[in-house]
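This briefing is meant for a reader meeting the structure for the first time. Please look over the sequence and the model before turning to the points that follow.

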Amino acid sequence: MLKKKIEMRYLLIILLVFTLSACYYDHEEILYGSTTGQPCTDTAGIVSYAQKVVPLLQSNCYGCHSGSAPSGNQLMGTYTADKTMAQSGKLYGTINHAAGYSPMPKGGAKMGACQIATIKKWIDGGMLNN
Ligand code: HEC
């Protein structure tokens, strides 16, 4: 009877240790730099302009930078315009808040590390219209 009680105690301790240590390295934000709590899977393989880059620019940039009177005279919103901005270094410079560039999105929070990495991979991959 006594032996069984001791065994149960050990079992509980082992279980507790496992539970705690399992959680320890589970912080995806720290591991992957994601702000959504999801691993940064968007940078896997070739980054699609249409499927990955446009939605990000749409929700962060196009509101001010498309149409007939884009803010700061910086046109975005078409493949040609986005590629031109990327080639000049301004796209990555502004979203990465690099020195010498006006930080974008203007007045908003910096884009997530995973989002920035996704755009950077598209740029580094030759800015394909894919
Ligand atoms: C709320 C409106 C707004 C949003 C959203 C916005 N911008 Fe801007 N942007 C501006 C204004 C206004 C300027 C001109 C003043 C300045 O440069 O800060 C500007 C300037 C720029 C410039 C020129 C700055 C330089 O240093 O050469 C670039 C490039 C740019 N924006 C890119 C972007 C990108 C990329 C996004 C999305 C991540 C974005 N903007 C989101 C308003 C906005």
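Just after helix α4, G89 takes a positive phi of about 90°. The model is a predicted one, and the points below take up helix α4 before turning to the iron atom of the ligand.

**Helix α4**

- Helix α4 spans residues 79-87, and within this stretch A81, D82, M85 and A86 are buried.
- Seen down the axis of α4, these buried residues fall within an arc of 135°, so they line one face of the helix.
- This fits a general pattern: an α-helix has 3.6 residues a turn, so residues three or four places apart point the same way.
- The buried residues of α4 pack against α3, α5 and α6, whereas T80 and Q87, on the other side of α4, are exposed.

**The iron site**

- The iron atom of the ligand is coordinated by H65 through NE2 and by M104 through SD, at 1.9 to 2.3 Å.
- This pair links distant parts of the chain, as H65 and M104 are 39 residues apart: H65 belongs to helix α3 (residues 49-65), while M104 lies in the loop between α5 (90-95) and α6 (113-124).
- The arrangement around the iron atom is octahedral because its 6 donor atoms subtend angles of 85 to 178°; in general, the ideal angles for six octahedral donors are 90 or 180 degrees.

**Burial of the coordinating residues**

- H65 counts as buried because its relative accessible area is 10%, under the cut-off of 20%.
- M104 is likewise buried, with a relative accessible area of 17%.

Key: Residues are numbered from 1 along each chain as its sequence is written. This is a predicted model: local features need pLDDT of at least 70, side-chain atom pairs count only at pLDDT 80 or more; totals for chains, interfaces and linings use all residues. Side-chain values use heavy atoms; hydrogens and water are left out. Donors are N, O and S atoms within 2.8 Å of the metal (3.2 Å for Na, K and Ca); water is not among the atoms, so sites may look incomplete. Four donors count as tetrahedral if all angles lie between 85 and 135 degrees; four count as square planar and six as octahedral if opposite donors are over 155 degrees apart and all others between 65 and 115; anything else is irregular. Helices (H or I, at least four residues) and strands (E, at least two) are DSSP runs, numbered from the N terminus. Buried means under 20% relative accessible area, exposed over 50%, partly exposed in between (1.4 Å probe, protein chains only). The arc is that of the directions from the helix axis to the C-beta atoms. Contact means heavy atoms within 4.5 Å.
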